[in-house]
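Biologist: Please take a close look at the salt bridges of this protein. I should also like to see how they sit within the rest of the fold.

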Amino acid sequence: MARRLRFNGTDSKNGGCPAVHEDLDSGEIGVQGTPLTDPEDVAQLQHFGPGDAAVVVPRELLVHHGPKEVAHVPVLIGLEEFGLLFETFEHSAWHLETRRGYASDRGDPEYAEFLATGTVSCDLDSEWCVNIRRQTADGKYVGRVRVVDSPPTEGQLFLLGYSTCNAATGEDVWNLWREDAERLRLPAEDFWIFDSRLVAVLRFDDADVFHDVEVITEPAEVLRYCQVRDAAMHGASPHTEFAARLGAGVA
């Protein structure tokens, strides 16, 4: 079975070597660089076995993109503290949504209405909408990219319809086909980036229930998520254009 490798970063200015990847299952690190092949150089390597390979990379690559701890220990916050981030961010808040459905959506009255009528209504006076309108009215950016399967799941169609409500609060809502997300090697994670300095990774159980948040502030890790954001926005389409391609009833 192929490894699930995540691109951690590169200091290359042209997209080539060197680079660091991480095995998401084992935690092992793969370093991509210039092979060390000169026999005199190889002879100096200790414990170098017949099946081994050595590469040479700049020291800065490992400092910038290598792991900073032997075992990753997540910093978790509760839902109340997570909610405060939407009131205290200074410049921008951006969200990547990758799941095929959310238990919180299925519990909303609007979801039952959508199943019955095919349309989505929203309460712009809800606590969420009032706050987001306040933030965007102050000139702050709030945006998201939603990953959509082909064909879309029931939950994804609901969110496509709800995009009109998001947009009414000033959010910049885009969509991306899952096959394009996979081609771009986007992670199968839901996360928010606040002010390009703090990442909040949303954690769900197998029933799509949102239960806690991992906070990341280490600069190299935050940079990796910002690069994911840029790639997702580059490949995505505004929600109105995306919905139009799917036909009437989801715009």
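Modeller: The account below starts with the whole chain, turns to the charged pairs, and ends with the other contacts.

The model is predicted, so local features need pLDDT of at least 70 and side-chain atom pairs count only at pLDDT 80 or more, whereas totals for chains, interfaces and linings use all residues. Residues are numbered from 1 along each chain as its sequence is written, and side-chain values use heavy atoms, with hydrogens and water left out.

The protein has 10 helices and 13 strands (DSSP runs numbered from the N terminus, with helices of type H or I and at least four residues, and strands of type E and at least two). Taken along the principal axes, its C-alpha atoms fill a box of roughly 75 × 35 × 35 Å. Of the 251 residues, 40% are buried (under 20% relative accessible area; exposed is over 50% and partly exposed lies in between, with a 1.4 Å probe and protein chains only).

A search of the whole structure finds 13 salt bridges (a side-chain nitrogen of Lys or Arg within 4 Å of a carboxyl oxygen of Asp or Glu). Side chains of opposite charge can pair when their charged atoms come close. Glu97 and Arg144 form one such bridge, at 2.4 Å from N to O. Glu97 belongs to strand E7 (residues 92-97) and Arg144 to strand E8 (residues 141-148), so their pairing ties together parts that are 47 residues apart in sequence. Both partners are buried: Glu97 has 6% relative accessibility, and Arg144 has a relative accessible area of 5%. The bridge is part of a network of salt bridges that links Glu97, Arg144, Arg146 and Glu171.

Arg146 also offers its backbone: its backbone oxygen lies 3.4 Å from a polar atom of the Asn175 side chain (a polar contact is a pair of N or O atoms within 3.5 Å; within protein, one must be able to donate a hydrogen and the other to accept it, and residues adjacent in sequence count only if both atoms are side-chain atoms). Asn175 is placed in strand E9 (residues 172-177) and, at 1% relative accessibility, counts as buried.

Elsewhere, the side chains of Glu28 and Arg3 meet in a salt bridge of 2.8 Å, N to O. This pair links distant parts of the chain, 25 residues apart: Glu28 is in the loop between strand E2 (19-23) and strand E3 (29-32), and Arg3 is in the segment before strand E1 (5-9). Glu28 is partly exposed at 46% relative accessibility, and Arg3 is exposed, with a relative accessible area of 52%.

A further bridge joins Asp180 to Arg183, whose closest N and O atoms are 3.6 Å apart. These two residues are 3 apart in helix H8 (residues 178-183), which means that about one helical turn separates them. An α-helix has 3.6 residues a turn, so residues three or four places apart point the same way. Arg183 counts as exposed, at 56% relative accessibility.

Aromatic contacts form another part of the picture, and the search finds 17 aromatic pairs (rings of Phe, Tyr and Trp, the last by its six-membered ring, with centres within 6.5 Å; planes under 30 degrees apart are stacked, over 60 edge-to-face and the rest tilted). Phe82 and Phe210 form an edge-to-face pair, 5.8 Å centre to centre with 80° between the planes. The two are 128 residues apart and link distant parts of the chain, Phe82 in helix H3 (residues 79-88) and Phe210 in strand E12 (residues 210-216). Phe82 is buried at 8% relative accessibility, while Phe210 is partly exposed at 25%. The rings of Trp192 and Phe194 have their centres 6.1 Å apart and their planes at 20°, so that pair is stacked. Trp192 and Phe194 are both buried. Ring pairs join Phe82, Phe86, Phe89, Tyr102, Trp128, Trp192, Phe194, Phe204 and Phe210 into a cluster.

Helix H9 (residues 219-235) carries a cap at its N-terminal end, where a side-chain oxygen of Glu218 lies 3.1 Å from the backbone nitrogen of Ala220. Buried residues of H9 include Ala220, Arg224, Tyr225 and Arg229.
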